[in-house]
Amino acid sequence: MSLFSSNKDGENCPEHSLGKDIRQYARLSLCVTAIGLAFPAHAIDFGPDGMFSFTGFAEMQFGRANNQCPGTTCQISPEADRQRVWADAVVQGLPLTSSGTSFNQAQFWFKAQKDLGGGFKLKGEVSQKWRDGRLDVPDIWPEKNLSIQHEEYGVLTIGETVSRTWQFADYPYGSNLGLSYAWASTGAGYRNLGNAIRYTSRVFDVSGGDAVFEVTYDRGNTAFKINKPRFLEVWAHYGKGPLSVDAMYQNTRNGVPAAFGSAAFNGPFYDSAADGKLGNSGQSVAVVQAVYQLNKKVELSAGVRHNRWSGAYQVVALAGPPVQWNFPFNVDWFGVDANGVAHPGYPAQSTDLSLGARYRMDKWTFAAGAAYFSKASTPNPVERGQSNSALVNTLQATYDYGNGFEFSVFSGMVNYSKKGLSPISLPSNSTFNKIDSRTTKSGNWFGVGAKYTF
């Protein structure tokens, strides 16, 4: 499908709107170039013996996507998330349109370290992230932790951090292929951890390669005494010559049930007063990602992810007023299970795949990526998206200007196997640039971006 055309469900892009977007792109380039000239293109180290460091990045994108509903959503109930049955209905008869898209984010890290002698180092790290002008996660820091490191014993970290399952899917694996959001912000994983304890081993020599092992535990919100949260993640890395492999497994109990890989792990509900009304739930994700440097110019990537959800039934969590529902998952809204539970939630499993390739040519890097979100296996007798699948394809070209500044041109498309609720491993029915699976089987987008890193 052409990036400038529409299928039978949509309309062609207005020519005058495209010209307006190009003018926005020009302003974007000038703005980020100015940022690059104003700041140094490397980490800022200061204090005695470089004890403190300050690093970060800022990124902006402008684009255009087709086959979108007018306004912000197609839903009759725009605020409802996809797990609510009243979120299923869309406004009928709306003509699909093309519109501009924009995105910006910035993140900064402040780090401090102190040599304690005897091979030990004490380190502290604080990080905050803004997305589209707002805090990315208002109630939790991406990084706010302390660690003690020894060259032989490894690293012990305590505090707020992010999961490896999200981190390595986002960067560099996903971002190198234009799949950062598509691959990292979907599936059964969680991103932000507020009460983490993490142990990372030293680097081991295994069969002529380097291996690292890590385990992370988070107890979540300890105010929940009945449905106690529990998070466990294991990461293993192996690198040998041109090959790099990362394997992650995340197993959780009583976080908010979700198919949003960027979700924070905390507890099953935002108020522990609902503890006695909620049922136990859990989910897990297993991911393997590999990158192979075929030669100096060509790099190949592949990833596989298996998602599992226990399901969560629908119940009134707090009587109110107003009445507040829990967070359900994969519910039969009009059924009763074998134990007499109304609105039961059913387990589900799915397997997602990704592939990619990059080609370097002087200061240019060209990349192509694909992510496939499969149909799900579930005993749920009603349709909640388990019979749908999606394929996302991306192309991008990145130019390295130097001094920490990059400029990129990108395009992408999504194809659903049918109209209807989106695949279970997607957080919404319009995850990709508001191209809603209930109103169209396909859509595409294109745009430009700029990023400054120091």
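Here is a short back-and-forth about this predicted model.

User: Let's start inside. Which residues have the most contacts within the largest nonpolar core?

Analyst: That core has 21 residues. Among the elements that each give it at least two residues are α2 (164-176), β19 (364-373) and β20 (390-402). The residues with the most contacts inside it are Leu179, Phe373, Val392, Val414, Phe432 and Trp445.

User: Take phenylalanine 373, then. Leaving aside neighbours within four places in sequence, what is it in contact with?

Analyst: Phenylalanine 373 is one of the residues with the most contacts inside the largest core. Once its neighbours within four places are set aside, its partners are Ala182, Thr186, Arg305, Asp352, Ser389, Ala390, Val392, Pro423, Ser425, Leu426 and Phe432.

User: And how many residues does the second core have?

Analyst: This one is separate from the core just described, and Phe168, Ala188, Phe329 and Ala348 are included in it. Phe168 is also among the buried residues of α2. The size of the second core is 14 residues.

User: On to α2. How far apart are its end C-alpha atoms, and what span should its residues give?

Analyst: α2 has 13 residues, and at 1.5 Å a residue they should span 18 Å. The expected figure agrees with the model, because the end C-alpha atoms are 17 Å apart.

User: At which residue does α2 bend?

Analyst: The bend comes to about 40 degrees, and proline 172 follows within four residues. That proline lies in α2 itself. The residue at the bend is buried, and it is aspartate 170.

User: What's the omega of the peptide bond between tyrosine 171 and proline 172?

Analyst: Most peptide bonds are trans. The one joining tyrosine 171 and proline 172 is cis, and its proline sits in helix α2. Omega here is about 5 degrees.

User: What goes on at the start of α2, and which backbone nitrogen does serine 163 reach?

Analyst: A side-chain oxygen of serine 163 comes to within 3.2 Å of a backbone nitrogen there. The residue carrying that nitrogen is buried; it is tryptophan 166.

User: Now the disulfide. Which cysteines does it join?

Analyst: The structure holds 1 disulfide. Its S to S distance is 1.6 Å, and with 100 degrees about the S-S bond the link is right-handed. Both partners are buried; they are cysteine 69 and cysteine 74.

User: Is lysine 129 buried or exposed?

Analyst: Lysine 129 sits in strand β4 (residues 120-131). Its contacts beyond four places in sequence include Ala106, Leu135, Pro142 and Trp166. The relative accessible area is 7%, and the cut-off for buried is under 20%, so lysine 129 is buried.

User: Which side chain makes a polar contact of 3.2 Å with lysine 129?

Analyst: Look through the residues in contact with lysine 129, which include Gln105, Gln107 and Asp136. The polar contact of 3.2 Å is between side chains, and the partner is glutamine 105.

User: And arginine 384: what is the distance of its polar contact with aspartate 88?

Analyst: Arginine 384 is in the loop between β19 and β20, yet it is buried, with a relative accessible area of 5%. Asp88 is among its contacts, along with Asn330, Trp333 and Leu421, to name some. The polar contact joins the two side chains at 2.7 Å.

User: Aspartates 132 and 362 both caught my eye. What is the phi of aspartate 132, and what is it near for aspartate 362?

Analyst: Most residues other than glycine have a negative phi. Aspartate 132, in the loop between β4 and β5 (134-135), is partly exposed at 32%. Aspartate 362, between β18 (348-361) and β19, is exposed with a relative accessible area of 79%. Both go positive: aspartate 132 has a phi of about 55 degrees, and that of aspartate 362 is near 55 degrees.

User: Last one: how far apart in space are serine 281 and phenylalanine 329?

Analyst: Serine 281 lies in the loop between β13 (264-265) and β14 (282-293), and counts as buried at 5% relative accessibility. Phenylalanine 329 belongs to the second core. The two residues are 48 residues apart in sequence, and C-alpha to C-alpha the separation is 9.3 Å.

Technical notes
Residues numbered from 1 in each chain as written. Predicted model: local features only at pLDDT ≥ 70, side-chain atom pairs only at ≥ 80, totals over all residues. Heavy atoms only, no water. Core = buried A, V, L, I, M, F, W, Y, C linked by side-chain atoms within 4.5 Å. Buried < 20%, exposed > 50% of the residue type's maximum accessible area, 1.4 Å probe, protein only. Contact = heavy atoms within 4.5 Å. Expected span 1.5 Å × (residues − 1). Bend = angle between axes of the 7 residues up to and from the residue. Polar contact = N/O pair within 3.5 Å; in protein donor to acceptor, adjacent residues only side chain to side chain. Disulfide = S-S within 2.5 Å.
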